[in-house]
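Subject: Structure handover

Hello,

I am passing this structure on to you. Please have it open while you read the notes that follow.

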Amino acid sequence: MSLPSSTPPCDDNPPTSNDYIGTVYDGHQDTVLDIETRNTDCNIVATSSEDKSIRIWDIRTKRSVQCIVGFDECPAERIKFSPSKEHELIGMTDKSVFKFDLRSESIIIRDSQVIYTSSSECDLSSISFHPKDSVVAVGDDNGVISLVNIDTGDVIRRLSRVHSSVIGAAEFSPFNPKVLVSGGFDSLCCSWDVLRGRPASEVVDFTHQQQGNQISNPPFVHDIMHLPGGRVAVCALGDGTGWLLRSTAGGLQPVCTPVEMHGGMVTALSPWHSSFLSCGA
């Protein structure tokens with residue numbers, strides 16, 4: 001079953017029906033690791049699981065319309081829809097990044113293409129799409145971000161020598177795609193000049209920004225999301241706070257005092273329609 005391709009974008013057709021609330025989508029046989037909404041149609045959702053499958057759901061019918069299997073011996077920890085090609089989905093396991101074509105008429109998809117494999121002993125930790133080009137930013141446990149062309153598999157550039165630990169998130173700015181903002185488990189946040197392959201400004205060290213005693217939950221950066229317009233990025237930290245950082249000529253600057261999001265670590269951020277932000281802990 002092929003996916004619908006001509007439905008309105010999320011901002012024009014938000015899923016507000018009460019029929020969706022409390023619905024159980026049954027299909028995976030183990031823990032769900034990631035969930036992703038298609039950019040052009042928020043009724044189409046992808047999920048990855050410890051059962052080593054990826055499922056595509058149509059929330060209007062409350063059914064799984066496609067299932068991707070056999071791509072790796074390890075589960076896909078992260079999945080992303082392409083912002084420029086709605087039929088493309090990528091999945092990241094601990095060592096490799098795969099590309100899947102959802103135009104298949106088959107419900108079960110077994111074909112995949114390996115576009116990147118870690119050349120070191122470290123695991124992969126994050127992945128994100130460039131907003132326009134077929135390029136992904138792949139972070140790893142050594143603090144290195146590789147920019148990879150998903151059509152050719154070529155590594156365009158590696159961003160390094162800033163982070164010393166796991167890359168929690170690395171997101172391109174939709175306002176200026178030449179800028180990428182990264183955060184890691186070293187509690188640092190960095191704005192990169194992608195073309196030059198170096199930091200565009202001084203890094204933000206959240207260990208110096210903490211207010212109060214948060215030794216048990218250090219401010220590791222687990223996720224980053226750009227707000228509409230792209231000039232402000234939200235950072236989700238391990239101490240339960242969220243920081244709003246604005247890109248300026250002088251670097252990343254806090255917009256306001258940190259937002260107390262949860263009592264424990266904040267691990268995920270997601271937009272909801274055009275005016276709301278959801279977070280998970």
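To begin with one residue, K99 is buried, because its relative accessible area is 12% and the limit for buried is under 20%. Please keep in mind throughout that this is a predicted model.

Salt bridges

K99 forms a salt bridge with D151, and the closest N and O atoms of the two are 3.6 Å apart. This pair links distant parts of the chain: K99 belongs to strand β7 (residues 96–101), while D151 sits in the loop between β12 (145–149) and β13 (155–159), 52 residues apart. D151 counts as partly exposed, because its relative accessibility is 38%. The bridge thus has a buried K99 and a partly exposed D151.

How many salt bridges does the structure hold? There are nine. Another one is between D41 and R60, where the closest N and O atoms are 3.8 Å apart. Here too distant parts of the chain are linked, with D41 in strand β2 (residues 41–49) and R60 in the loop between β3 (54–58) and β4 (63–68), 19 residues apart. Is D41 buried or exposed? D41 counts as buried, because its relative accessibility is 0%. R60 has a relative accessible area of 35%, so R60 is partly exposed. Both residues also belong to a network of salt bridges that links R38, D41, D58 and R60.

A further salt bridge joins the side chains of R103 and D101, at 2.8 Å from N to O. R103 counts as exposed, because its relative accessibility of 54% is over 50%. D101 has 34% and therefore counts as partly exposed.

Aromatic pairs

The structure holds five aromatic pairs. One of them is F71 with F100: the ring centres are 5.4 Å apart and the planes stand at 70°, so the pair is edge-to-face. F71 lies in the loop between β4 and β5 (78–81), and F100 lies in strand β7, so this pair ties together parts that are 29 residues apart in sequence. Both F71 and F100 are buried. Ring pairs also bring in F98, making a cluster of F71, F98 and F100.

Nonpolar cores

In soluble globular proteins, nonpolar side chains tend to be buried together. The largest nonpolar core in this model has 15 residues, and the members that touch the most others are I54, I56, I68 and L89. Strands β2, β3, β4, β5 and β7 each supply at least two residues of this core.

Which residues does I54 touch? Leaving out residues up to four places away in sequence, the contacts of I54 include I68, I79, L89, A76 and C67, along with F71 and F100. H28, T47, S48 and Q66 are touched by I54 as well.

There is also a second, separate core of 14 residues, with A169, V181, C189 and A233 among them.

A four-stranded sheet

Four strands form an open sheet in the order β10-β11-β12-β13, with antiparallel pairing. Which strands are at the edges of this sheet? They are β10 (124–129) and β13, each of which pairs on one side only. On average, and with direction ignored, neighbouring strands of this sheet are turned by 20° against each other.

Strand β10 runs antiparallel to β11 (residues 135–140), and five bridges join the two. For F129, the bridge partner in β11 is V136.

Backbone angles

Most residues other than glycine have a negative phi. Two residues to look at here are K62 and R161. K62 is not a glycine, yet its phi is positive, at about 60°. K62 is placed in the loop between β3 and β4, which is also where R60 of the salt-bridge network is found. K62 counts as partly exposed, because its relative accessibility is 37%.

R161 likewise has a positive phi, near 70°, and is a residue other than glycine. R161 is found in the loop between β13 and β14 (167–172). Is R161 buried or exposed? With a relative accessible area of 85%, R161 is exposed.

Regards

Definitions and conventions:
Residues numbered from 1 in each chain as written. Predicted model: local features only at pLDDT ≥ 70, side-chain atom pairs only at ≥ 80, totals over all residues. Heavy atoms only, no water. Salt bridge = Lys/Arg side-chain N within 4 Å of Asp/Glu carboxyl O. Buried < 20%, exposed > 50% of the residue type's maximum accessible area, 1.4 Å probe, protein only. Phe/Tyr/Trp six-rings, centres within 6.5 Å; stacked < 30°, edge-to-face > 60°. Pairing = 2+ DSSP bridges. Axes fitted to C-alpha atoms, helices over the stretch in contact; angles between N-to-C directions. Core = buried A, V, L, I, M, F, W, Y, C linked by side-chain atoms within 4.5 Å. Contact = heavy atoms within 4.5 Å.
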